Amino acid sequence: MTEPKEAPEAKPADINKGLLTRWWIHAAGAVLIAVAVGALAYESGFVPNRETVQSASQTTADGFFQPPSDDQIPNDEFGAAVRRGQAIFTNTSTNASQYVGNGLSCSNCHLGAGRQPFSAPMWAAWVQYPKYRSKNKQINTMEDRVKGCFSYSMNAQHSIKGGPPPAGDDIYRDLQTYMYWLATGAPTNEAIKGVGFGKVAKTELGYSPERGAEVFAANCAVCHGGDGQGQKDINGRYVFPPLWGENSYNWGAGMARIDTAAAFIKHNMPLSQPGRLTDQEAWDVAAYIDSFERPKDPRQKGKTIEETRKQYHEGDQIYYGQTVNGVLLGVGTPDPERPVGAGD
Ligand code: HEC
Ligand code: HEC
């Protein structure tokens with residue numbers, strides 16, 4: 001494997017406004033935590049040693065588990081694997097390039113590099129596996145689960161290798177080492193607060209892409225673009241990820257379900273202002289995003305959309321296989337163009 005590359009430094013151009021905002025939010029959060037830890041030390045009347053600092057910082061003020069910070073990654077072989085895993089997680093199309101068929105990174109949907117509560121954080125996921133999933137009706141190991149996100153969320157069918165990393169690949173080892181480290185000190189065998197994307201209560205009005213179009217224009221287009229295709233920097237790398245179209249997640253992904261997207265959006269978007277949208281707005285804008293074409297469900301191979309819908313999407317809240325604005329959704333988008341010379 002090649003050495004992981006760092007993401008290029010964010011440039012203070014207009015396009016990076018969101019990233020800068022995010023930086024401020026994170027910086028403010030870090031100060032609050034530092035203040036909390038400091039206050040604790042003051043109250044208990046002693047200067048804490050390293051162990052007590054660590055355990056004091058294990059839970060945030062609102063009761064979420066707090067994973068260790070990057071400067072606590074050890075400088076040994078284990079720490080090197082943690083860093084490789086983190087680099088794959090935050091910069092997937094560079095550090096696992098052969099298996100990524102779209103413009104996304106794991107951390108685009110698992111925010112804060114897999115740390116943020118209700119952003120399906122990796123510390124909470126780690127302590128739940130192996131786990132039964134109705135999606136494939138079997139016990140899933142963490143490797144199986146990550147393979148699923150490569151197949152659907154990262155659209156591996158359009159990657160150079162044409163599918164997810166093979167079983168036992170170092171990519172899985174490194175990613176799991178990162179998750180294991182993030183979960184240092186996390187409670188096991190009990191419910192853990194902040195797991196998954198949370199839920200959004202059903203509303204009386206249900207959901208509507210027409211209403212969602214307005215929510216999108218007012219709250220999302222500034223970063224994700226008026227046509228939902230995201231925005232790239234001058235090096236051609238996504239600064240704001242696409243929400244539909246050929247460089248997005250495919251129809252088999254969890255995010256392609258309106259209820260899952262509504263929960264993600266309610267708890268995580270607009271970036272750095274989670275909870276700003278009402279439940280109704282979250283449902284409507286999720287429906288709007290789902291009303292456009294995206295890469296096809298890889299399980300569709302050799303089947304019609306109708307058969308695939310019956311077999312894999314029965315009962316799901318998703319526009320796959322439905323006709324919206326006169327267009328049958330689920331046909332898929334063409335393969336995105338690959339840079340010249342890419343591939344083997
Ligand atoms: C397009 C958004 C998206 C991207 C990109 C993405 N995921 Fe996910 N991930 C999800 C969703 C949605 C779920 C929840 C799935 C569901 O509800 O079926 C999930 C679930 C998971 C889980 C299980 C969480 C739990 O609490 O059980 C793990 C682990 C995971 N993803 C890892 C990854 C890794 C590693 C990558 C990159 C290789 C990745 N994901 C990329 C959206 C995404
Ligand atoms: C300030 C800029 C900004 C705004 C406004 C914003 N987003 Fe995002 N959004 C981002 C960024 C950046 C990410 C990736 C997060 C990361 O990598 O940390 C993201 C990720 C996402 C994702 C998951 C990744 C993907 O591409 O599918 C979805 C879905 C999403 N946003 C939907 C929305 C919706 C809906 C709104 C409006 C309610 C919205 N966003 C408003 C910046 C923004």
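1. Does Gly230 count as buried or exposed, and how many C-beta neighbours does Gly230 have inside 10 Å? In this predicted model, Gly230 counts as buried because 21 C-beta neighbours lie inside 10 Å, where a count of 20 or more is what burial requires. Gly230 is placed in the loop that runs between helix H10 (221-224) and strand S3 (231-232).

2. The surroundings of Gly230 can be described further. If its neighbours within four places in sequence are left aside, Gly230 is in contact with Gly103, His224, Gly225, Tyr238, Phe240, Pro241 and Pro242. Leu243 lies 13 residues away from Gly230 along the chain, and the C-alpha atoms of these two residues are separated by 7.0 Å.

3. On confidence, the protein chain has a mean pLDDT of 86, with 81% of its residues reaching 70 or more. Over residues 7-54, however, the pLDDT is below 50, although the model gives this stretch 31 contacts beyond near neighbours in sequence. Residues 339-344 also stay under 50 in pLDDT, and for them the model has 4 contacts beyond four places in sequence.

4. As to the overall fold, the protein chain contains 13 helices and 6 strands, and 39% of its 344 residues count as buried. Among the contacts between residues at least 6 apart in sequence, 68% join residues that are at least 24 apart.

5. Helix H3 (residues 77-90) offers a check on geometry: its 14 residues, at 1.5 Å a residue, should span 20 Å, and this agrees with its end C-alpha atoms, which are 20 Å apart. The buried residues of H3 are Ala81, Val82, Arg84, Gly85, Gln86, Ala87, Ile88, Phe89 and Thr90, and what covers them includes helix H4 (92-95), helix H5 (111-114) and helix H8 (170-182).

6. Where does ligand 1 lie with respect to domain 2 (73-196) and domain 3 (209-328)? Both domains give residues to the shell around ligand 1, so the ligand lies between them. Of the 24 residues around ligand 1, those that come nearest are Cys106, Cys109, Cys149, Ser153 and Gly254.

7. The make-up of this shell can be stated by element and by class. Helix H6 (122-126) and helix H7 (142-153) each supply at least two residues of the shell around ligand 1, and H7 gives the most, with 5 residues. By class, the shell around ligand 1 has 15 nonpolar, 8 polar and 1 charged residues.

Key: Residues are numbered from 1 along each chain as its sequence is written. Chains are lettered from A and ligands numbered from 1 in the order in which they are written. This is a predicted model: local features need pLDDT of at least 70, side-chain atom pairs count only at pLDDT 80 or more; totals for chains, interfaces and linings use all residues. A residue is near a molecule or strand if its C-beta atom, placed from the backbone, lies within 6 Å of it. Helices (H or I, at least four residues) and strands (E, at least two) are DSSP runs, numbered from the N terminus. Ala, Val, Leu, Ile, Met, Phe, Trp, Tyr, Cys and Pro count as nonpolar, Asp, Glu, Lys and Arg as charged, and the others, Gly among them, as polar. Domain bounds come from an automatic or database domain assignment. The expected span of a helix is 1.5 Å times one less than its number of residues. A residue is buried if 20 or more other C-beta atoms lie within 10 Å of its own, exposed if 12 or fewer, and partly exposed in between; C-beta atoms are placed from the backbone. Two residues are in contact if their C-beta atoms, placed from the backbone, lie within 7 Å. pLDDT is the predictor's confidence in each residue, from 0 to 100.
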